[in-house]
Amino acid sequence: MGKKCLITSALLYVNGTPHLGHVIGCLLPADVCARFKRLQGDEVLFIGGTDEHGTASEFGALKAGLPVEVYCEQNHMMHRKLYEGLNLSMDYCGRTSSKQNQEIVYRIFSALDKNGYITEKTIEQVYSIDDQQFLADRYIVGTCPYCGYENARGDQCEHCTKVLDPTELKNARSAISGSSHLEVRKTKHLFLDLPKLQSLIEKWVKTREFMWPDLSYTIAQKWLKEGLKERCITRDLKWGFPVNKPGYEDKVFYVWFDAPIGYIGITKQWSDEDPEHRHWEDWWLKPDDVTYIEFMGKDNVPFHSVSFPGTLMGTGEPWTLVSQLKGVSYLNFNGGKFSKSAGRGVFLDDALKEFPADYWRYWMMANMPETSDVNFKFDAFAGQINKDLNDVLGNFVNRVMKMTQSNFGLVVPEGGALTDEEKQLYATLADLISKYTQYMNDLEWRKALATLREIWVEGNNYIARTEPWKVAKTDKQRAACILRTGLNLIRIEAILLSPIMPTFAKEILSLLKLPEPTGWVNAQDINKEMSYLAPNTELGEPRLIFSKITPEMVTSLSEKYHENDVKE
RNA sequence: CGCGGGGUGGAGCAGUCUGGUAGCUCGUCAGGCUCAUAACCUGAAGGUCGCGAGGUUCAAAUCCCGCCCCCGCAACCA
């Protein structure tokens with residue numbers, strides 16, 4: 001086994017179906033990275049799961065008429081099923097509400113408290129007498145004092161986008177019961193003393209300057225520059241871990257505190273299932289042995305680059321801190337945000353019904369919002385699937401297979417010596433493969449996928465130059481060499497493709513009667529890689545593995561998902 | 001004057017840090033080929049790089065200044 005590589009995908013909030021935006025930002029790139037690192041020979045642990053505590057869950061459960069534990073359990077299973085559908089190779093899909101996470105949260109909190117990074121403050125919060133609970137700002141609704149919108153939320157008016165204080169609302173009422181029987185009460189809470197940790201965090205962030213993409217580093221810098229503020233880590237709620245400090249037994253930890261710790265808690269869930277062979281401490285408390293890569297949307301970057309590392313550093317224990325932090329921008333739908341309630345956008349459950357998971361995986365990796373927000377459109381999606389996968393890659397595989405079959409039968413052709421044509425191809429391939437590998441390592445996906453496509457084009461180019469369909473009529477030996485070269489290139493292409501489209505990669509390999517890949521392609525050893533398939537090796541029956549998306553399908557999908565509705 | 005990101009041929013992007021003939025994919029047009037999913041290969045047209053007849057420089061998409069437009073964020077909605 002190679003070096004240890006810990007990979008986490010941001011934990012999605014458990015209520016609600018994930019949409020393509022959630023997938024593109026964290027789940028998918030984390031999976032591609034995990035698959036790639038495994039093929040490179042690293043010992044990978046890919047952790048994901050659902051974030052479950054907080055008012056939103058309580059509220060969701062109430063609406064569903066279920067106890068919150070049951071509601072979360074059901075939704076967690078729904079997430080899990082969708083992740084499987086998307087072919088995510090998570091080593092463990094856990095939950096922030098697990099008892100393991102509770103243990104770790106207590107451990108970290110106690111250490112922070114002992115080290116003097118926890119402070120007490122009294123704050124004012126709105127209490128709903130009928131609901132018998134404090135209300136989070138966004139669960140107080142009323143009339144916006146600025147624009148008169150009647151369903152403005154306590155934190156912000158969705159209509160005029162003005163940021164509000166809940167006490168400003170007219171006709172304020174509880175979003176849970178609708179009761180307007182509210183009052184402001186004083187309540188004591190615990191805060192994480194981030195200002196005290198600031199210099200420690202700053203020093204550490206500086207060490208990440210060249211490891212993080214610009215977007216992540218700039219966002220972290222921005223927060224540090226503005227100066228960190230103390231952050232409340234407790235709430236007056238029931239759904240959460242009770243605070244393990246005398247005087248706070250009736251309060252729970254705030255989601256943002258226990259959510260990132262969830263990565264550790266979930267690793268312990270994984271570890272507890274096979275304690276003899278799995279040791280969570282090896283991943284989280286031996287930082288020198290582990291490279292840790294995180295994936296998330298840009299809104300999550302401040303937590304992962306500043307507050308979570310600060311939390312861990314404040315314990316004084318040697319927790320593993322993030323090495324590479326990939327934050328990406330958003331995927332929009334017709335220029336607007338995905339929104340379940342507005343029925344706008346493609347959600348993962350529907351997406352998987354419309355097309356194979358690998359189509360989505362390919363499109364999203366090739367169009368990763370790395371520099372700015374990206375728009376999803378069905379015609380662009382179809383265009384790329386048709387051109388890249390069908391015409392360029394699929395066609396290359398098919399024409400080589402068919403020509404081999406008709407000229408030599410279903411075996412790797414024997415005979416013919418390499419010419420300058422092959423040597424030139426090898427050199428180009430070695431160059432492109434090492435570029436591709438580098439981009440994958442650097443998490444530069446758009447460039448990686450563009451390079452991958454160049455490799456496919458190079459295959460077609462080689463076939464066009466060498467014209468095996470002509471040569472076969474006059475020089476069987478030469479044709480054998482060309483097609484054998486083509487077949488070996490198919491194998492390489494399938495392996496290079498496998499982190500991105502595992503299912504189709506497997507199918508392509510099955511055409512060559514090869515099993516799933518177990519290792520990466522070594523660009524330095526291109527001669528060996530290109531002669532992997534020995535002459536006379538049996539081949540499978542040629543068949544088309546990709547199919548096109550017709551213009552009619554595009555039209556109907558566009559209508560079905562309201563792609564052209566006027567954006568709000 | 002809140003903060004951040006973006007504005008490059010019809011569309012989507014790279015190039016900007018480290019100034020030096022503007023590059024890629026799609027689309028369009030022409031040609032080649034006919035093994036292959038009307039697929040593949042080659043070539044061409046098309047931009048002077050948001051604006052300022054602004055500054056620096058022998059030279060600016062790239063550095064500096066001013067302005068405009070789009071997107072996102074503003075500490076519980078990737």
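**How the protein meets RNA strand B**

Visitor: What makes up the surface near RNA strand B, by residue class?

Guide: Its residues split into 12 nonpolar, 13 polar and 19 charged. Here Asp, Glu, Lys and Arg count as charged, Ala, Val, Leu, Ile, Met, Phe, Trp, Tyr, Cys and Pro as nonpolar, and the others, Gly among them, as polar. This is a predicted model, where local features need pLDDT of at least 70 and side-chain atom pairs pLDDT 80 or more, while totals for chains, interfaces and linings use all residues. Residues are numbered from 1 along each chain as its sequence is written, chains are lettered from A, and side-chain values use heavy atoms, without hydrogens and water.

Visitor: What makes a residue "near" the strand?

Guide: One of its heavy atoms must lie within 4 Å. For RNA strand B, 44 residues surround it, and the closest include Gly21 and Arg231. Sugar and phosphate supply 65% of the RNA atoms within 4 Å of the protein.

Visitor: Why is the link between lysine 402 and a phosphate oxygen called a polar contact?

Guide: A polar contact is a pair of N or O atoms within 3.5 Å. A polar side-chain atom of lysine 402 sits 2.7 Å from a phosphate oxygen of RNA strand B, so the pair qualifies. For arginine 453, the distance to a phosphate oxygen is 2.9 Å, so that pair counts too.

Visitor: How do you know that β7 and β8 pair?

Guide: Pairing takes at least two DSSP bridges between two strands (E runs of at least two residues). β7 and β8 have 2 bridges, in the antiparallel sense, so they pair.

Key:
Polar contact = N/O pair within 3.5 Å; in protein donor to acceptor, adjacent residues only side chain to side chain. Helix = DSSP H or I, 4+ residues; strand = E, 2+ residues; numbered from the N terminus.
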